[in-house]
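Reader: Could you take me on a close look at the aromatic pairs in this model? I would like to know how the rings sit and what lies around them.

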Amino acid sequence: MTVYLTLSFLWTIYMALETYVFGRPQSRPYFVGFLIVHTLLAPLSFVLSATGGVLRERVETAYRVAWASKRRFARTGRKKLIG
């Protein structure tokens with residue numbers, strides 16, 4: 001139970017940042033309802049966000065950037081130190 005509460009608390013904090021910092025003021029839900037829903041439905045909320053939400057978009061973007069960086073590094077080779 002402690003693990004669930006810890007993970008749901010962290011997920012709720014993440015979703016609150018996404019909603020209340022980056023969201024438009026008109027689209028923000030009522031804060032108490034937001035906390036109740038995201039605390040109780042944290043696993044479902046996580047799955048929905050990971051499969052089609054902002055979290056999926058961020059993971060895919062990070063993966064593409066890392067892949068491009070890896071390819072660029074492989075193309076240029078190792079840097080040689082002078083001296």
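Author: Happy to; here is a walk through the aromatic pairs, followed by the nonpolar residues inside and on the surface. Please keep in mind that this is a predicted model.

A pair of aromatic rings is described by the distance of the centres and the angle of the planes. This structure holds two such pairs. Let's begin with Trp11 and Tyr14, whose ring centres are 5.2 Å apart and whose planes make an angle of 35°. The pair is classed as tilted, because stacked rings need planes under 30 degrees apart and edge-to-face rings need over 60. Along the chain, Trp11 and Tyr14 are three residues apart in helix 1 (residues 2-20), so about one helical turn separates them. How covered is each partner? Trp11 has a relative accessibility of 9%, so it counts as buried. Tyr14 comes to 21% and therefore counts as partly exposed, since the buried class ends at 20%.

Now for the second pair, Tyr63 and Trp67. These rings are stacked, with 6.5 Å from centre to centre and 20° between the planes. Both residues belong to helix 4 (residues 54-76), where they sit four residues apart, about one turn of the helix. Tyr63, at 57% relative accessibility, counts as exposed. Trp67 has a relative accessible area of 44%, which makes it partly exposed.

Going back to Trp11, you will meet this residue again in the largest nonpolar core. Its companions there are Met15, Ala16, Phe34, Ala42 and Leu55, for six residues in all. Helix 1 supplies the largest share of this core, with three residues. Trp11 therefore has two roles to look for on your screen: a ring paired with Tyr14 and a buried member of the core.

Finally, turn to the surface, where a nonpolar patch has about 1,000 Å² of accessible area together. Its members are Tyr30, Phe31, Val32, Leu35, Ile36, Val37, Leu40, Leu41, Leu44 and Leu48. Helix 2 (31-40) and helix 3 (42-52) are the elements that give two or more residues to this patch, and helix 2 gives the most, with six. Ile36 makes a handy example: this patch member is found in helix 2, and at 46% relative accessibility it counts as partly exposed. A patch residue needs over 30% relative accessible area, so Ile36 with its 46% clears that mark.

Methods. Residues are numbered from 1 along each chain as its sequence is written. This is a predicted model: local features need pLDDT of at least 70, side-chain atom pairs count only at pLDDT 80 or more; totals for chains, interfaces and linings use all residues. Side-chain values use heavy atoms; hydrogens and water are left out. Rings of Phe, Tyr and Trp (its six-membered ring) pair if their centres lie within 6.5 Å; planes under 30 degrees apart count as stacked, over 60 as edge-to-face and the rest as tilted. Buried means under 20% relative accessible area, exposed over 50%, partly exposed in between (1.4 Å probe, protein chains only). Patches are made of residues with over 30% relative accessible area and no salt bridge: like charges are joined within 9 Å, nonpolar side chains (Val, Leu, Ile, Met, Phe, Trp, Tyr) within 5 Å. Accessible areas come from the Shrake-Rupley method with a 1.4 Å probe; for residues, only the protein chains shown count as cover. A salt bridge is a side-chain nitrogen of Lys or Arg within 4 Å of a carboxyl oxygen of Asp or Glu. A nonpolar core is a set of buried Ala, Val, Leu, Ile, Met, Phe, Trp, Tyr and Cys residues joined through side-chain atoms within 4.5 Å.
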